[in-house]
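Here are a few exercises to work through with the model open beside you. Try each one before you read its solution.

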There are 2 protein chains.
Amino acid sequence: MKQDIPTTKDRILNAANSLFYGEGIRAVSVDAIAEKAGITKRTLYYHFKSKDELVTGYLASRDQPNLKIFAKWFEETEGDLSDKIEAIFINLAKNSRHPKWKGCGFLRTAAELANMPGHPAIKIGAAHKKKFEAWLAEQFTETSIKHPNQLARHIILIMDGAFSTMLIHRDPSYIEAAGDAAKNMVLAALNKT
Amino acid sequence: MKQDIPTTKDRILNAANSLFYGEGIRAVSVDAIAEKAGITKRTLYYHFKSKDELVTGYLASRDQPNLKIFAKWFEETEGDLSDKIEAIFINLAKNSRHPKWKGCGFLRTAAELANMPGHPAIKIGAAHKKKFEAWLAEQFTETSIKHPNQLARHIILIMDGAFSTMLIHRDPSYIEAAGDAAKNMVLAALNKT
């Protein structure tokens, strides 16, 4: 019986990922998630004590997979550092063409919870973004770039801009333009421009 | 009696601005807005046929005031083009310290309506962002910058990034860092770096 517990939790998180990411956290009720997961609300509340906890769990479940995919896009790209950074944007632009693509779940949740800055889900989102920023800074440090932390911060800002602008224009060329800008920033830092 | 009509509409829009911007569009009911405006729901529906129309009206009412404040910050700043662009970010960072600051209402609405890309409120948001992008391109054209449209797009991307990242970290230094990045972009375009 013990083995059922993680499976049920995974089913809840899968349903939460699909509905919260697909429709937004305020638009989706705990009832809808329990129904999609094929369980009772009581069982759901056994695993997640509240909707807030479920929203937090949904974002926490996206942390590692998202970081891994950015690292994969970076690593699998031939070329110099600027090409590898641009590749993250080119891949994002490609993904954004998928009808199920709805931007960045972390940023969208922070936008929905703008009146609750201390919400635990926002803390998970902030930690995720900090991890990505630190990972970028690490790549820049390895390449002996002068101000790796500053460059990492500029790249994350333009990337978050790409995510947000795309949701308003629904035009992937904005993400590609962000990739151009990011590439220029890296090239400038490499003193190649 | 005729003069009451715009006054009532303004009261509704003021209430919508305060509540939709303050708490989010899905978190706030039409009832709450009617109550805050001190009118009946029936009167509200006389002016705005649906909640969707009210959300759209709220964003439309922010279009010109927001564009004007950005232009004001730009114009009142001494220095070259890069200083004037950076000033927009410095002022945004200052504003973001106010407890009522909750990011960009256009981007937050687009984030909340990510599953409704054709929603009229998103169209208003997209038109607003396009207007700001075109205004930036105009300033760059006047200064004979080589690729004014490209630079305007890069600036708007980093600015939207600043708005969104700030909501997740609640740290105005991210908006200041975006201002640094924007300044660098303008300086590079002016061939001064």
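**Exercise 1.** How many residues of domain 1 of chain A are in contact with residues of domain 2 of chain A?

*Solution.* Keep in mind that this is a predicted model. Start with the bounds: domain 1 of chain A covers 1–49, and domain 2 covers 63–189. Next, take contact to mean C-beta atoms within 7 Å. With that cut-off, 5 residues of domain 1 of chain A touch 5 residues of domain 2 of chain A. On the domain 1 side, those break down into 2 nonpolar, 2 polar and 1 charged. As for the spacing, the C-alpha centres of the two domains of chain A sit 28 Å apart.

**Exercise 2.** Work out what chain A is built from, and what its overall dimensions are.

*Solution.* First, count the elements: chain A has 9 helices and 0 strands. Reading from the N terminus, you get α-α-α-α-α-α-α-α-α. Then look at the extent: the C-alpha trace of chain A spans about 60 × 35 × 30 Å along its principal axes. Now for burial: 45% of the 193 residues of chain A count as buried. Last, check the contacts in chain A with a separation of 6 or more: 59% of them come from residues 24 or more positions apart.

**Exercise 3.** What turn and what shift along the axis lay chain B on chain A?

*Solution.* Superpose the copies, and you find a turn of 180° with a shift of 0.0 Å along the axis, at an RMSD of 0.0 Å. That is how a two-fold axis relates its copies. The contact surface fits this picture: both copies use the same surface, with 100% of the contact residues of chain B recurring in chain A. To find the axis on your screen, go to G161(B), whose C-alpha comes closest to it of the residues of chain B, at 1.7 Å.

**Exercise 4.** Describe the side of chain B that touches chain A, going from the residue count to the elements and then to the chemistry.

*Solution.* Begin with the count: 40 residues of chain B are in contact with 40 residues of chain A. Then ask which elements of chain B give two or more residues to this side: they are helix 1 (4–23), helix 6 (105–112), helix 7 (120–142), helix 8 (148–169) and helix 9 (173–189). Helix 8 of chain B gives the most, with 14 residues. Finally, sort this side of chain B by class, and you get 21 nonpolar, 10 polar and 9 charged residues.

Definitions and conventions. Residues numbered from 1 in each chain as written. Chains lettered and ligands numbered in written order. Predicted model: local features only at pLDDT ≥ 70, side-chain atom pairs only at ≥ 80, totals over all residues. Least-squares fit on C-alpha atoms with pLDDT ≥ 70 in both. Contact = placed C-beta atoms within 7 Å. Helix = DSSP H or I, 4+ residues; strand = E, 2+ residues; numbered from the N terminus. Nonpolar A, V, L, I, M, F, W, Y, C, P; charged D, E, K, R; others polar. Domains from an automatic or database assignment. Buried ≥ 20, exposed ≤ 12 C-beta atoms within 10 Å, placed from the backbone.
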